[in-house]
Amino acid sequence: MAIENNNVVALNYKLQTLEADGEKAFVEETTTENPLTFLYGVGMMLPKFEENIAGLNIGDKTSFILEPNDAYGEKDDRAVAQLPADMFKETGLPPVGEVLPLQDNEGNQFRAVVVDVTPEAVVADLNHPMAGKTLNFDVEILAVRPATEEELAHGHAHGIDGQSDH
């Protein structure tokens, strides 16, 4: 079965970034025991990622590159927040490089990376960690099946077999 909209897809991938010197830097990879499983064509994945696996079948392998504009965008130097040091009086000031779980006024959760710490403020980078990066994917398709009515109603896959709980 070829990958198309409203299919559940399970795949393995290896993600590397392409560095300025042309070298690849390892980011992450899945395993057959814990593959990436998702509902194809409903906006869960990067559009260009889906475009590159459209029509593939079980066992197919492919490699592709996503430029920043097709992935997480360019890094925005203005996307920083000055968080008052008082916010951290219970936990202590975080070190540079720590990832902070944050929430906006609408309740949306996101992460920011600490880039500077002063006695008055913690400066956090709000860019996605992959912003500005060129992504190199190596992908192998493990399973493709039609989504169940429940998965379509929920807008996400319920595992490779469609039976996994939330």
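In the predicted model, Pro101 has Arg111 of β7 as its bridge partner. This contact belongs to the pairing of β6 with strand β7 (residues 109-117), in which the two strands run antiparallel and are joined by 5 bridges. Both strands are part of an open sheet of 4 strands, arranged in the order β5-β8-β7-β6 with antiparallel pairing. The edges of the sheet are occupied by β5 (80-84) and β6 (99-103); each has a single partner strand, so one side of each is left without a neighbour in the sheet. From one strand to the next, the twist averages 45°.

Strand β9 takes part in further pairings. With β1, β9 pairs in the antiparallel sense over 12 bridges, and within this pairing Val9 stands opposite Val144 of β9. Strand β4 (residues 61-66) also pairs with β9 in the antiparallel sense, here over 6 bridges. In this case Thr62 stands opposite Val139 of β9.

The strands β1 (7-18) and β9 (134-146) also contribute to a pocket: each supplies at least two residues of the lining of the largest pocket. The space in the largest pocket amounts to about 260 Å³. Its lining comprises 13 residues, of which Tyr13, Glu28, Met45, Tyr72 and Phe137 are the closest to the centre of the pocket. By residue class, the lining consists of 11 nonpolar residues, 1 polar residue and 1 charged residue.

Aromatic contacts were examined next. The structure holds 5 aromatic pairs. One of them joins Phe49 and Phe137 in an edge-to-face arrangement, with 5.0 Å from centre to centre and 80° between the planes. Phe49 lies in helix α1 (residues 47-53) and Phe137 in strand β9, so the pair ties together parts that are 88 residues apart in sequence. Phe137 is thus found both in this aromatic pair and among the residues closest to the centre of the largest pocket.

A domain annotation is available from UniProt, where an unreviewed entry lists residues 6-86 as "domain: PPIase FKBP-type". Over residues 6-86, helix accounts for 9% of the chain and strand for 41%. The C-alpha atoms at the two ends of this stretch are 47 Å apart.

How values were computed
Residues are numbered from 1 along each chain as its sequence is written. This is a predicted model: local features need pLDDT of at least 70, side-chain atom pairs count only at pLDDT 80 or more; totals for chains, interfaces and linings use all residues. Side-chain values use heavy atoms; hydrogens and water are left out. Two strands pair if DSSP finds at least two bridges between them. Axes are lines fitted to C-alpha atoms, for helices over the stretch in contact, and angles run from 0 to 180 degrees between N-to-C directions. UniProt positions are given in the numbering used here, feature names are shortened, and annotations may be inferred rather than shown by experiment. On a 1 Å grid over the protein atoms alone, a cavity is a set of points where a 1.4 Å probe fits but cannot get out, and a pocket is an open set with protein on both sides within 12 Å along at least five of seven lines; lining residues have an atom within 4 Å of a point. Grid points are joined across faces, edges and corners, and a volume is the space filled by probe spheres set on the points. Ala, Val, Leu, Ile, Met, Phe, Trp, Tyr, Cys and Pro count as nonpolar, Asp, Glu, Lys and Arg as charged, and the others, Gly among them, as polar. Rings of Phe, Tyr and Trp (its six-membered ring) pair if their centres lie within 6.5 Å; planes under 30 degrees apart count as stacked, over 60 as edge-to-face and the rest as tilted.
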